[in-house]
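Welcome! Please take a moment to look over the sequence and turn the model around before reading on. We will walk through it together, one region at a time.

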Amino acid sequence: DRHNHRLYKLPYTVVGVNYAINYFFIQVYNTMKGILDMPSVILNPTGDTYVSKLQPNTNFSASPTLNVGVQSLNQDILRSFLKFNTSVLPYGSSVNSAVLKLFVYGKDVSANTDILINIVLNSFDSNTITWNNAPAFLSSSITYAVQNSDVSHFIKIDITQVVSEWINNIYPNQGIAITGDETKVSLVQFSSSRDANSQVRPQLIIDYDKENQYNNQYNNQSNN
């Protein structure tokens with residue numbers, strides 16, 4: 001009887017083990033699916049440079065730095081322009097986060113220096129842009145206080161709002177302009193995409209979700 005009892009119970013034990021194994025793999029699959037459905041992309045600038053008010057017809061696309069704010073030496077006002085190709089994101093994607101990474105090369109004042117992210121409204125060519133032909137831009141209300149301790153380090157600026165507006169066609173993606181406080185000395189220098197050290201060049205890191213893409217495909221199929 002005891003042998004029969006053990007044989008009788010064995011199938012239930014096996015079923016329980018199989019259930020636990022299946023449950024484990026389902027959880028792993030769901031976790032991995034979630035990771036795969038929220039990929040990220042690292043974008044390098046397709047163009048970046050700065051413009052100078054005191055040299056209004058000069059292009060600085062060969063410069064290893066992006067300069068922003070008012071220079072202490074001659075009170076020159078400097079603005080930087082960058083653009084990134086966000087068309088690499090799948091159609092229908094939603095942006096979870098977008099972070100602009102900039103390496104702080106130097107700054108003119110010891111106090112914290114505010115910089116402002118602006119939405120560029122018209123196209124520009126980084127190889128020909130000057131102060132006189134620079135495109136118009138609109139403030140995004142995104143600011144960042146650059147500290148002395150940031151020099152020789154990366155700063156990360158959350159520009160999710162701007163990139164989401166590009167993806168949702170609220171504004172065309174014509175790039176961003178970075179400006180400083182233009183009422184006082186406020187120069188901040190960042191490494192550009194021409195810096196000899198490729199590790200300190202600007203980057204835009206976007207985490208996105210493909211869920212909207214799947215929903216759009218499903219809705220299109222349902223409507224057909």
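Let us begin with a word we will need often: a residue is buried if its relative accessible area is under 20%, exposed if that area is over 50%, and partly exposed in between, using a 1.4 Å probe and protein chains only. What you see is a predicted model, in which local features need pLDDT of at least 70 and side-chain atom pairs count only at pLDDT 80 or more, while totals for chains, interfaces and linings use all residues. Residues are numbered from 1 along each chain as its sequence is written, and side-chain values use heavy atoms, with hydrogens and water left out.

Here is the overall layout. The chain has three helices and 11 strands; helices (H or I, at least four residues) and strands (E, at least two) are DSSP runs, numbered from the N terminus. Read from the N terminus on, the order of elements is α-β-β-β-β-β-β-β-β-α-β-β-β-α. Of the 224 residues in the chain, 38% are buried. The chain exposes about 12800 Å², and carbon and sulfur atoms supply 51% of that area; accessible areas come from the Shrake-Rupley method with a 1.4 Å probe, and for residues only the protein chains shown count as cover. Contacts (heavy atoms within 4.5 Å) often join distant stretches of sequence: among those with a separation of 6 or more, 81% are between residues 24 or more positions apart.

Now find helix α2, at residues 160–167, where six of the eight residues are buried. Those six are T160, V162, V163, S164, E165 and W166. What covers them? The cover includes strands β5 (94–107), β6 (113–120), β7 (137–146), β8 (154–158), β9 (176–180) and β11 (203–209). Just after the helix, N169 takes a positive phi of about 60 degrees.

One of those strands, β7, holds S140. This residue counts as buried because its relative accessibility is 3%. Not counting residues up to four places away in sequence, S140 touches I117, N118, I119, Q161 and V162. For another setting, look at T128, in the loop between β6 and β7. T128 counts as partly exposed because its relative accessibility is 45%. Leaving aside neighbours within four places in sequence, T128 is in contact with N59 and N133. T128 and S61 are 67 residues apart in sequence, and their C-alpha atoms are 7.7 Å apart in space.

Next come the charged side chains. Side chains of opposite charge can pair when their charged atoms come close. How many salt bridges does a search of the whole structure find? The search finds three, a salt bridge being a side-chain nitrogen of Lys or Arg within 4 Å of a carboxyl oxygen of Asp or Glu. In one of them, R194 meets D48 at 2.5 Å, N to O. This pair links distant parts of the chain, with R194 in the loop between β10 (188–191) and β11, D48 in strand β2 (residues 47–52), and their positions 146 residues apart. D48 is buried, with a relative accessible area of 1%, whereas R194 is partly exposed at 28%.

Another salt bridge joins E182 and R79, at 2.8 Å from N to O. E182 lies in the loop between β9 and β10 and R79 in strand β4 (residues 77–83), so the pair ties together parts that are 103 residues apart in sequence. K184 forms a salt bridge with D181, where the closest N and O atoms are 4.0 Å apart. K184 counts as exposed at 51% relative accessibility, while D181 is partly exposed at 27%.

Finally, turn to the rings. The structure holds four aromatic pairs; rings of Phe, Tyr and Trp (its six-membered ring) pair if their centres lie within 6.5 Å, and planes under 30 degrees apart count as stacked, over 60 as edge-to-face and the rest as tilted. One pair, F81 and F137, is edge-to-face, at 6.3 Å centre to centre with 65 degrees between the planes. F81 lies in strand β4 and F137 in strand β7, so this pair ties together parts 56 residues apart in sequence. F81 is buried at 1% relative accessibility, and F137 is partly exposed at 26%. F81, F124 and F137 form one aromatic cluster.
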